[in-house]
Amino acid sequence: MSKKSNNNILIPAERIESRIMVIRQEKVMLDFHLAELYGIETRALKQAVKRNIERFPSDFMFELNENEINNLVSQNVIPSKKQLGGAVPFAFTEPGVAMLSSVLKTQTALNVNITIMRTFVKLRKMMSHY
């Protein structure tokens, strides 16, 4: 199933679902996956977050620790730590992803966030049936 936004951005729901993972018992999306979906560099996403860090309390976003990064490598989420370029990934919970649309003030970010929020809701509904 795909969602189409006002700007004709087509993002398959499966593409988003495959990037939602559980870390610290929270469903999260990683900064580099979000940057890819928004069509921006991870560096730009992280800069926007750091400039507005007060909008991202620990229940909205957290930095991964060394063990979590190693788990990402072992699960083939990333091929190696080298891909991170020495940066520690941010993990965004559902409210953190929603907050991103207020700091990334592009129409693309808004449209992508709407699709991501719908995907989180869909997953929550699916889980409630099990």
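In which loop does arginine 24 lie? Select that residue to begin the tour, bearing in mind that this is a predicted model. Arginine 24 sits in the loop between β3 (21-23) and β4, and its phi is positive, about 55°, although it is not a glycine. Most residues other than glycine have a negative phi. With a relative accessibility of 43%, arginine 24 counts as partly exposed.

Next, select glutamine 25, which lies in the loop between β3 and β4 and has a positive phi of about 60° although it, too, is not a glycine. Glutamine 25 counts as exposed because its relative accessibility is 78%, and exposure in this sense begins over 50%.

From the loop, go to threonine 93, whose place is in strand β6. Threonine 93 counts as buried, at 2% relative accessibility. If you display its surroundings and set aside residues up to four places away in sequence, you will find that threonine 93 touches Glu26, Lys27 and Val28, together with Asp59, Phe60 and Phe62.

Now select helix α5 (94-103), and colour Glu94, Gly96, Val97, Leu100 and Val103, which are buried in this helix. To see what surrounds them, add β4 (26-30), α2, α3, β6 and α6, against which the buried residues of α5 pack.

Helix α2 (residues 31-38) and helix α6 (residues 107-128) are the next pair to show together; they pack with their axes 9 Å apart and at an angle of about 120°. The two helices, α2 and α6, are therefore oblique to each other, and α2 passes α6 in a right-handed crossing. On the α2 side, show Leu34, Leu37 and Tyr38, which meet Thr108, Ala109, Val112, Asn113 and Ile116 of α6. Sorted by class, this contact of α2 with α6 holds six nonpolar and two polar residues, and no charged ones.

Keep α2 in view and bring in α3 (42-51). Here the axes of α2 and α3 come within 8 Å and cross at roughly 110°, so these two helices are roughly perpendicular to each other. The contact is made by Asp31, Phe32, Leu34, Ala35 and Tyr38 on α2, and by Thr42, Leu45 and Lys46 on α3. Its residues divide into five nonpolar, one polar and two charged.

Which residues does leucine 37 contact, leaving aside its neighbours within four places in sequence? Select leucine 37, found in helix α2 and buried with a relative accessible area of 7%, and you will see contacts with Ile11, Arg15, Ile16, Arg19, Met29, Val112 and Ile116. A distance drawn from leucine 37 to serine 18, C-alpha to C-alpha, spans 12 Å, while the two residues are 19 apart in sequence.

For the last stop, display the largest nonpolar core, which has 25 residues. Those with the most contacts inside this core are Met29, Leu34, Tyr38, Leu45, Phe92, Leu100 and Ile116. Two or more residues come from each of α2, α3, β6 (90-93), α5 and α6, and the largest share, five residues, comes from α6. Centre the view on isoleucine 116, which, leaving aside its neighbours within four places in sequence, is in contact with Ile16, Met29, Leu34, Leu37, Tyr38 and Val97. Apart from the largest core lies another, of 12 residues, and to find this one you can select Ile23, Val28, Ile69 and Ala91, which are among its members.

Definitions and conventions
Residues numbered from 1 in each chain as written. Predicted model: local features only at pLDDT ≥ 70, side-chain atom pairs only at ≥ 80, totals over all residues. Heavy atoms only, no water. Axes fitted to C-alpha atoms, helices over the stretch in contact; angles between N-to-C directions. Helix = DSSP H or I, 4+ residues; strand = E, 2+ residues; numbered from the N terminus. Parallel < 35°, antiparallel > 145°, perpendicular 65-115°, else oblique. Left-handed = near helix turned anticlockwise from the far one by under 90°. Contact = heavy atoms within 4.5 Å. Nonpolar A, V, L, I, M, F, W, Y, C, P; charged D, E, K, R; others polar. Core = buried A, V, L, I, M, F, W, Y, C linked by side-chain atoms within 4.5 Å. Buried < 20%, exposed > 50% of the residue type's maximum accessible area, 1.4 Å probe, protein only.
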